[in-house]
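The following paragraphs lead through a predicted model. They take up a pair of helices and then a sheet.

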Amino acid sequence: MTLPKIDNLEIRKVTEDILLIHQIKPPFFFSCCDGLLVLPKPVRNRKTIALDLNIEPRYVNSLNHIYGPVSNYVCSHGHLDHTCHVHAWEELGAKIHAPYPEANYLLDLHKFYKGFGFDDELDFNIVNHFAKLNGFQKCNHVNSFNPGDSLKFEDFKIDTISFSGHSKGHIGFFLPKERIFHISCLGFDKPKPEVEGFGPWYGFKQCSIPQYLEDINKAEAFFLKNGKYLTSSHSYFVKSPNTHPFEYMRKKIKNNQEKVDKTLISLEILNKNENKVVKKLLQMDLFFPKKKLKGVVLEIYSFWESWIIRKHIQQSDYFKR
Ligand SMILES: [Zn+2]
């Protein structure tokens with residue numbers, strides 16, 4: 001099978017009939033993620049199935065033109081880079097599935113706003129504006145399932161696996177027959193082997209670093225035992241027994257912890273009020289250079305970074321509350 005050439009899309013064959021698709025330039029900060037297209041195969045699925053492939057509507061249309069119709073679409077969790085354009089698949093006739101409770105976030109931005117705790121600190125208008133900048137449009141109907149459930153479309157089976165350190169509903173996918181393990185947004189985010197990304201993302205109240213580390217260990221053991229190919233939402237794919245993705249993710253978390261620990265020590269602020277310390281560290285741009293950011297983007301990045309900092313302060317051996 002020869003692959004089509006579509007400007008701004010990178011299409012990679014994981015197996016003969018399963019493609020990993022990446023939109024090279026997203027229109028805005030958090031508007032896209034890579035996902036899988038499961039092409040039709042006799043005795044498995046007569047229609048194409050899309051897994052967490054959140055790309056701009058015009059590319060959804062191009063892919064649908066070549067490989068459609070798409071019968072079902074499965075979303076991995078409720079963050080904007082996984083939900084903005086899902087409506088485009090629905091408009092073309094795909095049934096949308098997403099994990100509970102985040103399935104609701106595709107239907108109603110207020111639920112997204114409250115569900116991720118933005119309402120503790122930010123006005124709804126800020127989040128609404130940011131979502132619109134990313135192209136968010138809501139879906140009309142989403143079937144929700146529980147993280148850990150198995151899904152079946154015709155004779156195509158997917159196991160979902162809960163990785164809740166990133167978000168409560170966040171799941172990976174395992175395709176048992178094809179032995180493809182898609183870890184979604186766990187934090188292997190290298191566009192190429194030689195390019196680093198940010199790593200695991202835990203910029204929300206509900207995220208948990210200890211849970212993250214457990215998830216990474218669980219994913220690694222699972223991949224080595226059952227997987228042949230490892231794919232993810234923001235990265236190139238690897239083949240078993242490559243363990244680089246897991247080492248990379250652990251290292252990123254460790255480096256972030258060291259960054260916060262060092263700052264706490266150098267500022268001699270080991271016993272102060274946690275909120276004040278978060279504020280102080282936030283001004284230092286430890287994780288995101290915020291000088292050039294403004295408006296809603298600055299507000300959202302500051303919100304995320306304050307949680308990343310807080311999670312590390314709470315994990316720090318040097319901070320005594
Ligand atoms: Zn995410």
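To describe how two helices are placed, an axis is fitted as a line to the C-alpha atoms over the stretch in contact, and the angle, from 0 to 180 degrees, is taken between N-to-C directions. In this predicted model, helix H4, formed by residues 124-133, and helix H8, formed by residues 295-315, have axes that come within 9 Å and cross at roughly 110°. Angles of 65 to 115 degrees count as roughly perpendicular, and H4 and H8 are therefore roughly perpendicular to each other. On the H4 side of the contact stand Ile-126, His-129 and Phe-130, which meet Val-296, Glu-299 and Ile-300 of H8. By character, the residues of this contact between H4 and H8 comprise 4 nonpolar, 1 polar and 1 charged.

The sheet may be followed from one edge to the other. Its 7 strands form an open sheet in the order E1-E2-E3-E4-E5-E6-E7, and the pairing is mixed. The edge positions belong to strand E1 (9-15) and strand E7 (143-145); each has a single partner strand, so one side of each lacks a neighbour in the sheet. From one strand to the next, the twist averages 25°.

At the E1 edge, E1 and E2 are connected by a hairpin through 2 residues. These two strands, E1 and E2, pair in the antiparallel sense, with 6 bridges; one residue pairing is that of Glu-10 with His-22, its bridge partner in E2. Strand E2 is also joined to E3, again running antiparallel, by 4 bridges. Here Leu-19 stands opposite Leu-37 of E3. Of the 6 residues of E2, 5 are buried, so this strand is largely enclosed by the rest of the structure. A residue counts as buried in this sense if 20 or more other C-beta atoms lie within 10 Å of its own.

At the other edge, strand E6 (residues 95-99) and E7 run parallel and are joined by 3 bridges. Ala-98 has Ser-144 as its bridge partner in E7. The sheet thus has antiparallel pairing between E1 and E2 and parallel pairing between E6 and E7.

A helix completes this part of the description. Helix H1, residues 57-67, lies across E1, strand E2 (18-23), strand E3 (35-38), strand E4 (48-51) and strand E5 (70-74). Relative to E3, helix H1 runs at about 20°.

Key: Residues numbered from 1 in each chain as written. Predicted model: local features only at pLDDT ≥ 70, side-chain atom pairs only at ≥ 80, totals over all residues. Parallel < 35°, antiparallel > 145°, perpendicular 65-115°, else oblique. Contact = placed C-beta atoms within 7 Å. Nonpolar A, V, L, I, M, F, W, Y, C, P; charged D, E, K, R; others polar. Pairing = 2+ DSSP bridges. Buried ≥ 20, exposed ≤ 12 C-beta atoms within 10 Å, placed from the backbone.
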